[in-house]
Amino acid sequence: MKALIYARVSTKKEEQETSLERQIEELSEWARELNMETVQTIAEQHSGFDLDRRGLYEMLEAVKKEKIQALLVQDDTRLGRGEAKLAIIHQLSRHNVRIFCKQQGGELELDAGESTVLSIIAKVEELQRKMMNQKISWGMRRAIREKGFNPAKNLKNQGMGGREKKEVPMEQIVALKEKKLTFEEIAATLKGFGYDVSRATVHRRYQEWKKEMAESTIELEE
């Protein structure tokens, strides 16, 4: 299991630096006991109430790039304090990262109130995704009804020989991605309206769009 060690203290006093070193040592040893592969160790000195932390962003970036499966911390307050802690735990859960707390001797267990808040947040996000999918559905149905739009005509784009390139509604893909839908969810939504696209196709075309936007920005700056 790929693991990331995260250690934090709130101030930059000398005694706090010693605490930071001790956290890293204990968590590194614990990771070995759990037979985990420590991919990265992050240590920072910053307030737990603040989300604007360099180490925090490094953690979330590593979770996505390195496919981190487990996060090891000394105790739950190392992640953050108050609402900041819950926001971080929620982001980690969205990436299926298991949080291991040394103080508790295993996976992190939240109190009933914190668990309820996280459950509500997850439910609200799920409802938001459903509402966005429904909004797109209504929009496409209206286009079919009022403007004679035919999704079947957009399945493929005839090229100049070679393999045919599929036509995809980039505007909808970008809008859905901005709403935090996964590429798989976007592909499933579009299939319901006649777009024969796979997750891989949606991902590839989105990356192509991002590249084109970046190149356009460079040209304007020049």
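**Exercise 1. Which residue in strand 3 stands opposite Leu-4, and which strands pair with strand 1?**

Leu-4 stands opposite Leu-71 in strand 3. Before going on, a word on the source: this is a predicted model, where local features need pLDDT of at least 70, side-chain atom pairs count only at pLDDT 80 or more, and totals for chains, interfaces and linings use all residues. Residues are numbered from 1 along each chain as its sequence is written, and side-chain values use heavy atoms, with hydrogens and water left out.

Step 1: strand 1 and strand 3 (residues 70–73) run parallel and are joined by three bridges. Strands are DSSP runs (E, at least two residues) and helices likewise (H or I, at least four), numbered from the N terminus; two strands pair if DSSP finds at least two bridges between them.

Step 2: strand 1 also pairs with strand 2 (residues 37–45), in the parallel sense, over eight bridges. Here Ala-3 stands opposite Thr-38.

Step 3: as for cover, seven of the eight residues of strand 1 (residues 2–9) are buried. Buried means under 20% relative accessible area, exposed over 50%, partly exposed in between (1.4 Å probe, protein chains only).

**Exercise 2. Why does the pair Tyr-206 and Trp-209 count as stacked?**

Step 1: start with the rule. Rings of Phe, Tyr and Trp (its six-membered ring) pair if their centres lie within 6.5 Å; planes under 30 degrees apart count as stacked, over 60 as edge-to-face and the rest as tilted.

Step 2: the structure holds three aromatic pairs. In this one the ring centres of Tyr-206 and Trp-209 are 5.8 Å apart and the planes stand at 25 degrees, so the pair is stacked.

Step 3: check where they sit. Both belong to helix 7 (residues 199–221), three residues apart, which puts about one helical turn between them. Tyr-206 is buried at 12% relative accessibility, whereas Trp-209 is partly exposed at 25%.

Step 4: add Phe-183, which forms one aromatic cluster with Tyr-206 and Trp-209. The charged end of Lys-177 sits over the ring of Phe-183, 4.0 Å from its centre (the cut-offs: NZ of Lys or CZ of Arg within 6 Å of the ring centre and within 35 degrees of the ring normal).

**Exercise 3. At what angle do helix 2 and helix 3 pack?**

Step 1: helix 2 (residues 54–65) and helix 3 (residues 82–94) pack at about 15 degrees, their axes 10 Å apart. Axes are lines fitted to C-alpha atoms, for helices over the stretch in contact, and angles run from 0 to 180 degrees between N-to-C directions.

Step 2: helix 2 and helix 3 are therefore roughly parallel (under 35 degrees; over 145 is roughly antiparallel, 65 to 115 roughly perpendicular, the rest oblique).
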